[in-house]
Amino acid sequence: MMGDSSNKDRQTEADYREGQDIQKQHSITAREKEEPISGTHPVSLALFLLCALILLFGGAYYGQMTGGFDFTKYTAVGYVPAPDPRLGGKTVVKPWSVEQMDLGKKVYVSCGGCHKSGGEGDAGQNIPPLANSEWVTGSTERLAMIILNGVKGPIEVHGKVWSGNNMASQASAVPDAERLAAVMNYVRKSFGNETDDWVSEEMAQAAMDISAERAGAQMTAEELNANHDKMLPGAAVDPQTGQPLGAAPAAEEAPAA
Ligand code: HEC
């Protein structure tokens with residue numbers, strides 16, 4: 001019995017030791033890294049789809065948020081570009097003439113309710129057209145007086161006499177010389193109207209001074225023709241800069257005595 005038991009003990013001990021060895025062996029193999037193998041493996045479908053989704057959403061977001069790559073939309077509020085030496089130290093983003101037409105179009109919205117967006121007028125409401133009208137393309141002082149004071153009584157456009165309606169002073173639509181000049185330039189160069197000259201802010205201010213005496217009393221066609229059929233005083237301007245033509249650039253204006 002004793003022998004048996006000690007034999008068994010030894011056996012167990014051997015098993016145990018053997019067990020330990022196997023564990024040791026296993027842990028050794030488990031520590032080993034996998035054998036590297038060379039070759040090409042397809043990217044997993046999930047990763048491929050994830051990338052496709054990111055590109056899709058990224059592209060859509062980019063397209064939505066970039067404002068069509070328009071320079072003016074990237075310009076931060078208050079951004080002032082560096083002075084352009086070719087313009088005598090002035091900073092100009094858009095040509096003055098383009099800004100005039102943009103602003104004039106905005107001001108014209110209040111005229112467009114009556115004269116319509118294409119300047120065709122509204123015969124049903126007895127509103128004469130501005131397209132191809134001598135009152136628009138003719139003398140600038142007369143046009144300014146029409147806008148600032150309004151018109152009443154019969155007025156002839158395209159050989160047709162309009163008399164069924166009248167136009168109130170539009171002075172509130174043009175509260176400053178800048179906007180008066182802009183809307184005048186807009187109507188004189190839209191709807192097929194073609195004029196070469198530009199109404200400057202200086203000219204528009206002169207018109208405001210002339211009409212100030214009238215305090216917005218509506219004018220008749222006879223009055224307009226008799227007293228205001230002339231061009232507004234002021235120097236012609238360069239459509240690029242809005243500055244008087246031929247004037248020396250600001251930087252060279254004051255030579256040191
Ligand atoms: C409420 C309607 C109304 C608005 C707004 C209006 N007008 Fe008039 N306009 C008239 C009417 C009506 C006449 C003709 C008046 C008459 O028969 O005596 C007229 C005449 C004129 C004329 C002379 C005739 C012609 O057709 O060339 C000019 C120029 C003119 N308007 C420009 C303008 C401009 C520019 C604006 C905006 C700043 C403006 N009007 C806003 C109704 C309007």
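Biologist: Which class makes up most of the shell around the ligand, nonpolar, polar or charged?

Modeller: Nonpolar: the shell has 16 nonpolar, 8 polar and 1 charged residues, where Ala, Val, Leu, Ile, Met, Phe, Trp, Tyr, Cys and Pro count as nonpolar, Asp, Glu, Lys and Arg as charged, and the others, Gly among them, as polar. Do keep in mind that this is a predicted model, with local features needing pLDDT of at least 70, side-chain atom pairs 80 or more, and totals for chains, interfaces and linings using all residues. Residues are numbered from 1 along each chain, and side-chain values use heavy atoms, without hydrogens or water.

Biologist: What makes P129 a polar contact of the ligand?

Modeller: A backbone N or O atom of P129 lies 2.6 Å from a ligand oxygen, so the pair meets the cut-off (N or O atoms within 3.5 Å). N165 does likewise through its backbone, at 3.1 Å from a ligand oxygen.

Biologist: How do you know which residues are protein donors of the iron atom?

Modeller: H115 (NE2) and M167 (SD) lie 2.0 to 2.1 Å from the iron, so they pass the test for donors (N, O and S atoms within 2.8 Å of the metal, or 3.2 Å for Na, K and Ca). This pair links distant parts of the chain, 52 residues apart: H115 is in helix 4, M167 in the loop between strand 2 (160-162) and helix 7 (177-188). Helices here are DSSP runs (H or I) of at least four residues, strands (E) of at least two.

Biologist: Why is the arrangement around the iron called octahedral?

Modeller: The 6 donor atoms subtend angles of 88 to 178 degrees. Six count as octahedral if opposite donors are over 155 degrees apart and all others between 65 and 115, and therefore the arrangement is octahedral.

Notes
A polar contact is a pair of N or O atoms within 3.5 Å; within protein, one must be able to donate a hydrogen and the other to accept it, and residues adjacent in sequence count only if both atoms are side-chain atoms. Four donors count as tetrahedral if all angles lie between 85 and 135 degrees; four count as square planar and six as octahedral if opposite donors are over 155 degrees apart and all others between 65 and 115; anything else is irregular.
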